[in-house]
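Work through the exercises below with the model open. Try each task before reading its solution.

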Amino acid sequence: MNTLEALVALNMVAEIGSIRLKKLLDFFGKPENILKAPADKLRAVSGIGDKIAAGITSLKKEDVGREFSLANKLGLAILTTKDRDYPKNLENIPDPPIVLYVKGQVKEEDRLSIAIVGSRQASFYGLSSAEKFAADLADKGFTIVSGMARGIDTSAHRGALKNKGRTLAVIGSGFHHIYPPENKGLVEEIACNGAVISEFPLNTTPLKQNFPRRNRVISGLSLGVLVVEAARNSGALITADFALEQGREVFALPGKVDARNSFGTNELIK
């Protein structure tokens, strides 16, 4: 395997994540060396237990071949942190994804970007505000970043597209399992005016634990994050936390004091 194939193979190991993969790369130097290492040497790396070591040693070249074949069929580019086209904003976060699957194109101009996130069960006020902010910011040359979820995310993407602006969607699943399914058409629209991005192998289903990982990429791609509507335990607040950790700006849209979806945003303002 070459370096790209080895990185994609390692990224396919369940639970490895970008932090553990970086530790392995620091220890072994090259991704190819990781694949050649015996299980006992792999377990010597901090955070690599029996399960991950077994996953690495059981990797087969045919599995990687199928991944590349499917990526090609779906019209995806595969980027690593070593590629010139890897998003510049994302390079600067503490744990950038080692591998990105991209449908569409990330451009230099996408460095000027704002994330717009919020509740899936959004109110009319939230949906219309997300679309208006996205449209106005896109009109001023900002790329709009969001997570393509139902509600605020979808409205933000559509607001940017409405004004013929650029938008980046970060998904919490592999491209073979687009979620939510009703946004499959939106994937194609975004790919023509920006990019849809995932760090997950193609057959990864939209599991709950994937979305916090996705959220750090949303904030990492952006100069700032606007939270439009968020309940107390909303995933949008996780994105805001990541943004603060990454040194990004955080903005919040005020809402009615008694509205459930305004608790999170009003608390951020407070």
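**Exercise 1. Which residues is Thr-239 in contact with, leaving aside its neighbours within four places in sequence?**

Solution. Contact means heavy atoms within 4.5 Å. Start at Thr-239 and look beyond the neighbours within four places in sequence: the partners are Val-117, Asn-215, Ile-218, Ser-219 and Val-225. Next, place the residue: Thr-239 is found in helix 12, residues 235-245. Helices (H or I, at least four residues) and strands (E, at least two) are DSSP runs, numbered from the N terminus. Last, check the exposure: Thr-239 has a relative accessible area of 2%, so it is buried. Buried means under 20% relative accessible area, exposed over 50%, and partly exposed in between (1.4 Å probe, protein chains only).

This is a predicted model: local features need pLDDT of at least 70, side-chain atom pairs count only at pLDDT 80 or more, and totals for chains, interfaces and linings use all residues. Residues are numbered from 1 along each chain as its sequence is written, and side-chain values use heavy atoms, with hydrogens and water left out.

**Exercise 2. Find the buried residues of helix 6, and say what covers them.**

Solution. The buried residues are Val-64, Glu-67, Leu-70 and Ala-71. They cover an arc of only 125 degrees around the axis, so they lie on the same side of helix 6. The arc is that of the directions from the helix axis to the C-beta atoms. Now turn to the face away from that buried side: it carries the exposed residues Lys-61, Arg-66, Asn-72 and Lys-73. The cover over the buried residues includes helix 1, strand 1 and strand 2. Then move past the end: Gly-75, just after helix 6, takes a positive phi of about 75 degrees.

**Exercise 3. Describe how helix 8 and helix 9 pack.**

Solution. Two packed helices are described by the angle between their axes and the distance between the axes. Helix 8 (residues 124-139) and helix 9 (residues 152-162) pack at about 35 degrees, with axes 7 Å apart. Axes are lines fitted to C-alpha atoms, for helices over the stretch in contact, and angles run from 0 to 180 degrees between N-to-C directions.

Next, list the meeting residues. Those in helix 8 include Gly-126, Ala-130 and Ala-138. Those in helix 9 include Ile-152, Ser-155 and Gly-159.

Finish with Gly-159. Its relative accessibility is 0%, so Gly-159 counts as buried. Leaving aside neighbours within four places in sequence, Gly-159 is in contact with Glu-131, Ala-134 and Ala-135.
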